[in-house]
Amino acid sequence: MSALELCNLSRQFDGLTAVDDVSFSVNPGKITGLIGPNGAGKTTVVNLISGFLLPTRGCIHLYGEDISRIEPAHVARKGIARTFQNIRLLKEASVLDNVVSGFHRHERSSWWSSLFGTPAARQETSEFREQAAELLSRFNMLQFANLPAGNLSYGHQRRVEMMRALATQPRLLLLDEPVAGMNDREADALGEIFKRLAKDGLAILLIEHNMRFVMSLCEELHVLDAGRLIASGEPYAVRAQAAVVAAYLGG
Amino acid sequence: MSNFILGHLSLFELVLVCSILGYSQYIVLRAGVFSMATAGFASIGAYTAALLSVRIDSPLWVGLLAAATIGALAGAILAWPLARLRGVFQAIATLAFVQIVISIGLYWESMTGGALGLNGIPKLVHFGHLLLVMSMVLYVLITLSRTGIGRAFDIIRQDETVAVSLGISVVKYQRLAFVLSGVLGGLGGGLMAYRNYSLVPEDFGFPLLISALSFVVLGGRIAVFGPLVGALILTLLPELARPLADYRLAVNGVLMLLAIIYWPYGVVDTLSLHWRQRRAVRTQVEARS
Amino acid sequence: MLILDGLATSYGRIQAVRHASLHVEPGELIALIGPNGAGKSSLLNTISGLLKPVAGSVRFFDQDITGWRADQVARAGLLQVPEGRQVLGPLTVEENLLLGRQALAGRKPNHQLADVYALFPILRERHRQKAGTLSGGEQQMLAIGRALMGGPRLLILDEPSLGLAPIIVNQVFEALQTLRHSGLTILLVEQNASLALASSNRAYVMEHGRTVLEGPSESLRHDPRIIRHYLPSIETTP
Amino acid sequence: MLAQQLLNGLVTGSTYALFALGFTLVFGVLHVLNLAHGAIFMAGAFAGLYAVTAAELPLYLAFLIAMLSGGLVSVAVDWLALRPLRQRGSSEFAAIISSLGIAQVLMSAGQAISQTQIMRFPFGTFPVVIYEFWGVRISLLQAAILGLSLLLAFTLLLFLFRTDFGRRVRAVAISERTSSLLGIRPNIVYFQTFFISGALAGAAGVIIGLAFNSVHFLMGEPFLLKAFVVIVLGGLGSIGGALIGGVMLGLIQTIAVSYLSSSLSDAIIYSLLFCILLIRPTGLFGKLHIETRVVRS
Amino acid sequence: MKKNLLSLASIFTLAVPALLGTAQAQEVVVGVPISSSGIFAFANLPARNGITLAAEEVAKSGELGPLKIKLLIEDTNSDKNQAVNLVNRFINTNKAVLILGSTSTVEAQAYLPIAQSKKIPALTQASGDVAVIGDWIFKANAAPAKIMESLALRYIKDYQPKRVAYIFNRDNESYIQQKDGVKGRFEQVGAKTLLEETIVGTDTDFSALVTKVAAQNIDTLVISTTGEVTANIIIQARQAGLPSSVRIVATPSAGSHQFLKVGGAAVEGVIFTSDYFIGNPSKLNQEFVSAYKKKYGIEPDNFAAIGYTVFKTAAAAIKSAGPDYSPESIRKGLAGIKNLPTILGNGSLTQTTARTPAYDGVVLTVRDGKFVPL
């Protein structure tokens, strides 16, 4: 079963069609790329998948379950995690707290036990902190645990955002231009991490302009132009198509 | 010495009542809701408690429980529309709520006594009761801060989009914050009623709203002890600065101004931030060595 | 025409730029490359007055402009196209361009509205549209056009390729070449090191807040240190 | 009586609009609710009053002095309370608190100066002439209020949308940083904006003081509360909206007083405000921002 | 056991000042919480002036012999919480044996129960009917509602009102009671109430309201609010076309200087009653007016006059309480005030068993810009 399946997805804004009849799927264990010129509708697709926008037509299935009409927080709880184009961390909170915040989806204690401090609620909190610390050490960031996240360098902040997304233990990871503003060497280091995650069975949808990066990671590539899918398939084949060259890559 | 304590006991009572109203304001701000409804909740709670005691002679704890419950109810009803609003619009809508409560208090004479207010309310609340209530409030707020609700509030306050992307239902948590604010506001109002002998609708107007806000601003918006410290400073200050009595308004204003400009996180948060950074630097040094 | 000498800037507690020295001569297109967090953007922001230097000096033509406010720097003819375009979204394209003239301060304009429209014809088509409704590429063109309206003596660009499709990146860089050939001096910060080195005539490398390397772009492209740290590790062109 | 009441509503509404103009201008440019606007309005009225009573100046001069003082006080408010926050990039919350703080300082000064007395312009400061058409009475002062609020709103609109100055103001409103890169000096624009806002408040202070025969250190508070309603009706930051919102509020209030109950007029107005916010979360004519997206669109 | 301890403590606290008193020159502490800032300041500042002036006169006259009155006047900021704190402090820390109160009934309702429960006498000029709180609470002035009733009776006799409209301040209990006093008497004689409209203290724009009033065919308009606002409503009503044949009845607060200044020609013929009339020719009043003018540079209004009376009444009570000056004997002194010469009403003040003084108000009207008896 594919992890994510978009079928005939459309979205209009005041009569303008931003996304027009788009269908493709994302499979577990693979990195799927989505590229296209600015204004082609990539961000709208991301917002549709993550539930911030309602589709005008079409459906979105997550492991066979229709998620196209449920509210965004609920979508996230279904197991979709994302990173943001410009990093969004809780800058004043410590690195550890940022990662702990990713565990929200797995909270089991009720509001009552949280308000009155039952042992179960306290237990849960300390478990989350331990798990977050483990994640930090896996990414070799344990020494920054108590530092405010805003004080870290750009590359480290990207990693914290990544760890937060992973803390939700997602079934699908949306990466929105994760290497924007990085040079090729830095991008490649991050790419290695993505590859490892995919190998562990995660489904990843990557939106990115850095063609070199996209080509080196993706096993499948979709190209969006003016809201429509103009090409899909194996990356090198897609890159060779005339329509893609004309709309996106240029001469 | 005992005379001094006796003479100022009512002052410390006031500090505690004020802090509970401060906490009503604190809890919404912590969840990123820009509500100013505390004064309205307090009004509703105070009238509930006072009427119960004056009309049917109900005991202290029943009155306070009723005040908190009705505050929660008001919070829950308000939360439904208000969770849809953002930023200054939330502030304006809650300001309107406070005005509506005052207007009704003045108009509904048969119930509230209109501008005459309710008088001859027995003084049921004493320092001991207040200490007890305050410790319960602090206990709940501290546990809340250390568990899931506090985490969710902190994330929502800092970045709603991130909160949603992590599966936190912003609307649901902000409603919770409204209800908690209603409970604390109602409770604070009930305590006010049982301490002040009399109530008039305008006890719960603009000045109260500003005080509740300034306790939180001066004390701190994140650390649990912030509003208590804020209320302590702002309530004791006028007593200590008696010679400045005629310029009290100005002193208060200057203090608010200085606080928000120079200690933007409030007294307690600034101190705890400082302490945390020092600790972080220390652990880093240890990690390196 | 622009000389930086030992420039340093702090960002709160973090020292973003430690020691930067460079010079730009008339007619050059200079590229500044380096890893993330090396202080490239902070350096540009210090030159254009958005950040205050803590040490060193900036000279522009015959003036010491160290510590000038951003608007003063702009009116002196040193214009920056900021990172992420920063067009004024609620204003129309034409209003954005007209606002560019604020930097003229009595200097003679070297680009009129018509010249900008000739350089980027798409802007003429969209001149009544709100700038915020343009696509990323069009916004980048608008941002450059707007800077041209201010009669730049030196144009500084911060990451002009950021978030743009390859086809748009090509268009933007072609326009930069056109401008350079018309005699405009350009200083460019760019992550995409191969693109930056290919389009500039001289380049600086910045690391940890310091300018560490300098040379003609052509020779830097073959410098093993550059290849190892900045150019792609995997060659994907078939 | 209906016609007369509608006219009353129109005049009352114009005073609200007059007050709200400067308030909404500052919001439009800085995105902060300047809660000191009521105190600036009071300061302008005081200045105008003392110019007439103490310095015995003619009304038009007093009016200019009121505008000048309002403008200067407003600039001082910005300088002391809002500028430091801007430099730190603080939230809208911080600006509300600090403007509230400085409002208290100003009100305290007003209290000390006036000894809490309600003051008024002497008789004959503005000629009492009453016209009557078809049974509707309008005084010269009422007509002047109507005319002046329209004039000021349109001048302001022209300024903002037809001049280089206006373009600068709107640029800074969108991004101070980008504007400064374009060669605009944001502090000058803020200075001008606050001065104009304060001058408008000063003008409103004198006119309202004259119209309702009362100048008082607390006179700003009720108008500030009404201004919230006005801007929700008209859209935050919209100059035309302030005019429309003011007049709407004036009419609603007058109708409420004359056909319902004067005791409930406040409750009615604020309930209305509340309901509008329920239906249109950003005000009646406010733009629906796509950014407010926690609730799905 | 607990009761014993308490009484022991009370004996101790009572004994200490008495002991100290005999050791040195005798001194009684009088606490005065007064709202000299905030929204009630307009009434309390003149009241404070009156109290201060009276205190100076009493000290100078030597009528209390070696006894000194230590007057603690402190600001409540128009906030009843602060008033409560102050009164607690006056009684517990400063050992005050008498509390003189502010004009605000809202504050008085909050702090008078403290005086009552601690058995410390309090004499207040709060306008509301607060003496009902208990037997330790005394009023220094007649309840305005009562004075308004006598005004209504006089008005009925002279003008036989038939169709009446009322405008009153809905956020001030005192003005509601004053309105009710008049309305009750009017309705007793069959006058019809055509309209009852309300305002709040901060209102300034009455155009809609007065247009509505002017459209009714009334013969009498009763306005119950502060002096300045009353004047303001009258001006706007006349401009809105209220016929000059409609008579206007106002409250004692019209007896202020401000009322004439604000109202000008428009308030000619307004009928009201007052505790105090500045033109009262009695020697006592003439001396008061000139002393007040000399000290403060302005003319006294009725708040100032009542403040002055508060202290004079207190001084008389303290004098008769000697030699022990305990709260109990001061209370007896207050209760026993009889035919005390005063600048208020008919010039003679006697405390009734309801702990509220009896003196008649003076019915006044405005003629040629001056207050004259009707």
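A disulfide is taken here as a pair of cysteine sulfur atoms within 2.5 Å. By that criterion, this predicted model holds one disulfide over all chains. The bond joins A:C7 and A:C59, whose sulfur atoms sit 1.9 Å apart. A:C7 belongs to strand β1 (residues 4-13) of chain A and A:C59 to strand β4 (residues 57-62) of chain A, so the link ties together parts that are 52 residues apart in sequence. The torsion about the S-S bond is -80 degrees, which makes the link left-handed. Both A:C7 and A:C59 are buried. Two further cysteines are worth a look for their surroundings. A:C218 counts as buried because its relative accessibility is 8%, under the 20% cut-off, and B:C18 is buried as well, with a relative accessible area of 13%.

Strand β1 of chain A also contains A:N8. The backbone here deserves a second glance, as A:N8 has a positive phi of about 50 degrees although it is not a glycine. With a relative accessible area of 42%, A:N8 is partly exposed. Chain E offers another case: phi of E:K119 is near 55 degrees, again a positive value in a residue other than glycine. E:K119 is found in the loop between α4 and β4 (122-124) of chain E.

On confidence, the model as a whole scores ipTM 0.81 and pTM 0.84. Chain D has a mean pLDDT of 85, with 94% of its residues at 70 or more. Within chain D, helix α2 (residues 37-53) has the highest confidence, at a mean of 94, while strand β1 (residues 130-133) has the lowest, at 80. Residues 288-297 of chain D call for some care: pLDDT stays under 50 there, and the model has 25 contacts beyond four places in sequence for this stretch.

Turning to internal space, the structure holds nine cavities of 30 Å³ or more. The second largest cavity has a volume of about 310 Å³. It is lined by 23 residues, of which D:Y16, D:K226, D:Q253, E:D203 and E:D205 are the closest to its centre. Chain D contributes to the lining through α1 (2-30), α9 (220-234), α10 (239-259) and α11 (265-279), and chain E through β7 (192-199) and α7 (207-214), each of these elements supplying at least two residues. By class, the lining of this cavity comprises nine nonpolar, nine polar and five charged residues.

Two loop residues of chain E complete the picture. E:S102 lies in the loop between β3 (98-101) and α4 (105-118) of chain E. Its relative accessible area is 0%, so E:S102 is buried. Beyond four places in sequence, E:S102 touches E:P33, E:I34, E:S35, E:N44, E:E107, E:Y111, E:T124, E:Q125 and E:A126. E:L344, for its part, is located in the loop between β11 (340-341) and β12 (348-351) of chain E. This residue also counts as buried, because its relative accessibility is 0%. Leaving aside neighbours within four places in sequence, E:L344 is in contact with E:D275, E:Y276, E:A305, E:I306, E:T309 and E:Y359. The C-alpha atom of E:L344 is 27 Å from that of E:N232, a residue 112 residues apart from E:L344 along the chain.

How values were computed:
Residues numbered from 1 in each chain as written. Chains lettered and ligands numbered in written order. Predicted model: local features only at pLDDT ≥ 70, side-chain atom pairs only at ≥ 80, totals over all residues. Heavy atoms only, no water. 1 Å grid on protein atoms, 1.4 Å probe; cavity = no way out; pocket = protein on both sides within 12 Å on 5 of 7 lines; lining within 4 Å. Points joined across faces, edges and corners; volume = space filled by probe spheres on them. Helix = DSSP H or I, 4+ residues; strand = E, 2+ residues; numbered from the N terminus. Nonpolar A, V, L, I, M, F, W, Y, C, P; charged D, E, K, R; others polar. pLDDT = per-residue confidence, 0-100. Contact = heavy atoms within 4.5 Å. Buried < 20%, exposed > 50% of the residue type's maximum accessible area, 1.4 Å probe, protein only.
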